[in-house]
Amino acid sequence: MEKITSFTIDHIKLQPGVYVSRKDKAGTETITTFDLRMTSPNEEPVMNTAEVHTIEHLGATFLRNHADYKEKVLYFGPMGCRTGFYLLLVGDYASKDIVPLITEMFEFIRDYKDEVPGASPMDCGNYLDMNLGMANYLAKRYLDNVLNHIDESRLIYPE
């Protein structure tokens, strides 16, 4: 079997950033998959499920309510390795195109202090596994360490 694209990226060299993971066609539309890498794979501890789950709820709510992007969002969710998130958008984008959106989303997550949307037994199958404080912290860390001063080295996968 052939390796899937995401397994061909050198995770030893990969650092936190915003990367185009792949582009696919669905009919006439291009679907761009982004790798929103928040931690350095195999170097830093992975994020715990509670904060990942909280970021997922807040990020998905933010994106699906965004005035400019809500109709373009196909999916936002965690990577199985818990080092980041995938975002799938309808459209042909480069990483730099969405940095303002991702920055806005992580500012929203960093500053969010209310009840987590969808964190109820009626709305979620694991509603108790949430950690808003750590989600706030990780969002701030991603903003401070990556998004607020991002350069090409954090926008294009390493060779």
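Helix α1 has 16 residues, and its first and last C-alpha atoms lie 22 Å apart, close to the 22 Å expected at 1.5 Å a residue. The helix belongs to a predicted model. Its buried residues are A50, E51, V52, H53, T54, I55, H57, L58, G59, F62 and L63. These buried residues pack against β3, β4, α2 and α3. With respect to the strands, α1 (residues 49-64) lies across β3 and β4 and runs at about 165° to β3.

The secondary structure of the chain as a whole comes to 3 helices and 4 strands. Along the sequence these elements follow the pattern β-β-α-β-β-α-α. For 159 residues, a compact globule would have a radius of gyration near 15 Å, and the chain agrees with this, having 15 Å. Taken along the principal axes, the C-alpha atoms fill a box of roughly 40 × 40 × 35 Å. Of the 159 residues in the chain, 43% are buried. Among contacts between residues at least 6 apart in sequence, 68% join residues at least 24 apart.

The 4 strands form an open sheet with antiparallel pairing, in the order β1-β2-β4-β3. Strands β1 (17-26) and β3 (73-78) stand at the edges; each has a single partner strand, so one side of each is left without a neighbour in the sheet. From one strand to the next, the twist averages 15°. In general, strands of a sheet pair through backbone hydrogen bonds, in either a parallel or an antiparallel sense.

At one edge of the sheet, β1 and β2 pair in the antiparallel sense over 9 bridges. Within this pairing, K25 has T30 of β2 as its bridge partner. The hairpin of β1 and β2 has 2 residues between the strands, and G27 takes a positive phi near 65° there. At the other edge, β3 is joined to the antiparallel strand β4 (residues 84-90) by 5 bridges. Here the bridge partner of F76 is L87 in β4.

The loop between β3 and β4 contains T83. This residue counts as buried, because its relative accessibility is 4% and the cut-off for burial is under 20%. Apart from neighbours within four places in sequence, T83 is in contact with L36, R37, M38, T39, P41, V46 and M47. Of these contact residues, L36 and R37 fall within the span of β2 (29-37).

Helix α2 (95-111) is among the elements that cover the buried residues of α3. T103 is found in α2 and is buried, with a relative accessible area of 13%. A polar atom of the T103 side chain lies 2.8 Å from the backbone oxygen of V99. When neighbours within four places in sequence are left aside, T103 is in contact with L143, L147 and N148. One of these, L143, is itself a buried residue of α3.

Helix α3 (residues 132-145) has 14 residues, which should span 20 Å at 1.5 Å a residue; the end C-alpha atoms are 20 Å apart, in agreement with that value. The N-terminal end of α3 is capped by N131, which has a side-chain oxygen 3.4 Å from the backbone nitrogen of G133. Buried residues in α3 are L132, A135, N136, L138, A139, Y142 and L143. The elements covering them include β1, β2, α1 and α2. Packing between α1 and α3 is also seen from the side of α1, whose buried residues pack against α3 as well as β3, β4 and α2.

The segment after α3 contains V146. At 3% relative accessibility, V146 counts as buried. Leaving aside neighbours within four places in sequence, V146 is in contact with P16, G17, R141 and R154. Among these partners, G17 is at the start of the β1 span, 17-26. V146 and Y127 are 19 residues apart in sequence, and their C-alpha atoms are 29 Å apart in space.

Note on methods
Residues are numbered from 1 along each chain as its sequence is written. This is a predicted model: local features need pLDDT of at least 70, side-chain atom pairs count only at pLDDT 80 or more; totals for chains, interfaces and linings use all residues. Side-chain values use heavy atoms; hydrogens and water are left out. Two strands pair if DSSP finds at least two bridges between them. Axes are lines fitted to C-alpha atoms, for helices over the stretch in contact, and angles run from 0 to 180 degrees between N-to-C directions. Contact means heavy atoms within 4.5 Å. The expected span of a helix is 1.5 Å times one less than its number of residues. Buried means under 20% relative accessible area, exposed over 50%, partly exposed in between (1.4 Å probe, protein chains only). A polar contact is a pair of N or O atoms within 3.5 Å; within protein, one must be able to donate a hydrogen and the other to accept it, and residues adjacent in sequence count only if both atoms are side-chain atoms. The radius of gyration is taken over C-alpha atoms; the globule rule is 2.2 Å times the number of residues to the power 0.38.
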